[in-house]
Amino acid sequence: MKKEDFRAYAHELVDWMADYLEEKENYPVTPNIQPKDIFNQIPSSAPEKGESFENIFRDFKEIILPGMTHWQHPSFFAYFPANNSEPSILAEMLMSTLGAQCMSWLTSPAATELEERVCDWLRDAKGIDSNWKGVIHDTASTATLSAILTAREKATQYNINENGFNGNEKFRVYSSAHVHSSIDKGIKIAGLGVNNLVRIPVDENFAMIPEELEKAIQRDLKDGFRPLCVVSALGTTSSTAVDPIGKISQISQKHGIWHHIDAAFAGTALLLPEFQHHIKGHELADSYVFNPHKWMFTNFDCTVFFLREPQYLVNTFSLTPEYLKTQLDAEVNNYRDWGIQLGRRFRALKLWFVIRSYGLEGLREKLRKHLQLARLAQSWIESESNLEILAPVNFNTICFRHVDSQHSEEELNRFNETWMARVNASGKVFFSHTKLDGKYVIRWVIGQTDVEEKHVSHAWGLLMEERRKLL
Ligand SMILES: *Cc1c(COP(=O)(O)O)cnc(C)c1O
């Protein structure tokens, strides 16, 4: 591409981007396509000769766009959101233009120092202990794996890093029965064996019962196991249940085991002082992760990982070969040593743009609006006969289902599954589901950047209409 053409195409794309953001709700939230529909439209071999940008962009619009799920659609109520926002998009444009690889201080001092500052900003705004330090990772999965590896190495004085497993280790990791699958994955990758993940029973609110954690640790100690780490959830993925962070921290402190707090989605709510009581007592924990790429209007990917004593993380990951050593290593943070990857994107830039553009006040206002819309939807569900909410609405996620006395539990599960599938097939909204105590429930997460009351009431109308048809 010629340099002068870049300018014209970039202007054209920016216009397209602005139009898309204005018109995004006119797209179906999910595409109506079959497997391989897109694959079969793409040639089976790469072009030998370069093609014009016009053709590439035309195919983007004609082939790719119809095969996209529109995560920024305000009626995207599924999973958890992966929100973007205008300031975040603009920062991504600058990031890709600079094309910097920010592995160490020297390879982009501003990237490292901005990362230090925005992590401190978020730590303080969320009420996390001011002695903790943060680092940006790609995803919560990676941060949690890093926490588990650090727990393993701290407990063994870095012996497994040095010598590998000797085959006699019997480590245990604890989490609630509702923990995210990324914990299972982390334990597998860390070589601990997923059968050594002990799932602690939960109470009627789906939160870990701390007395059961204590019992499990005692039992394991007696049986010759070595408790290594507990992962608590501040907002489980199923129902946004909150484990008792303070009590779990005390137990982990008492037994000298690592306590990692997974606040991937709901951690953003701690920007609101009224939610900070959830982490009371976290000062005794060891690490905490949350995803600005979910509910904090920052393009995927962007995860912030805080640690009480980051030197354990650095000791676990740093290995500085000669060609990466610099004269300033003692004075600066080289974030390559704070995680798995060597090469790093300049993700702090988009956080900086987002936080400055909204201001903490603007972020809080948006979150409060989402929470208020969720309370509104909750009140509609509660006032409707034959609907029930199966978990506390701790944030902006509502787990509900149709229930009646004519159907068995199995039939109810099928009914609710069909109901959700019909509503989603409209292409106008997108819900996802979970199972709570074996019961199929629809999860309604009201947290897309631009969601308004009209989107929530439209979704409610669709839900009620499809249920009427089914009954
Ligand atoms: C989404 C989520 C994760 C995984 O996040 P990634 O950034 O996609 O790895 C982990 N834990 C919880 C509680 C989540 O909601």
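Analyst: First, a term: helices (H or I, at least four residues) and strands (E, at least two) are DSSP runs, counted from the N terminus. You're looking at a predicted model, where local features need pLDDT of at least 70, side-chain atom pairs count only at pLDDT 80 or more, and totals for chains, interfaces and linings use all residues. Residues are numbered from 1 along each chain as its sequence is written, and side-chain values use heavy atoms, without hydrogens or water.

User: What makes a residue part of the lining of the largest pocket?

Analyst: A pocket is an open set of points on a 1 Å grid over the protein atoms alone, where a 1.4 Å probe fits, with protein on both sides within 12 Å along at least five of seven lines; a lining residue has an atom within 4 Å of a point. Here 31 residues pass, with Trp16, Met17, Asn84, Ile89 and Asn299 closest to the centre.

User: Which helix gives the largest share of that lining?

Analyst: Helix 1, with nine residues. Helix 1 (3-23), helix 2 (53-64) and helix 3 (86-98) each supply at least two.

User: Where does the second largest pocket lie, and why?

Analyst: Between domain 1 (1-30 + 69-84 + 360-471) and domain 2 (100-345), because both give residues to its lining. The domain bounds come from an automatic or database assignment. This pocket has 28 lining residues, with Tyr79, Phe80, His180, Thr237 and Lys294 nearest its centre.

User: Which element gives the largest share there?

Analyst: Strand 10, with three residues. Helix 5 (140-155), helix 10 (292-295) and strand 10 (432-436) each supply at least two.
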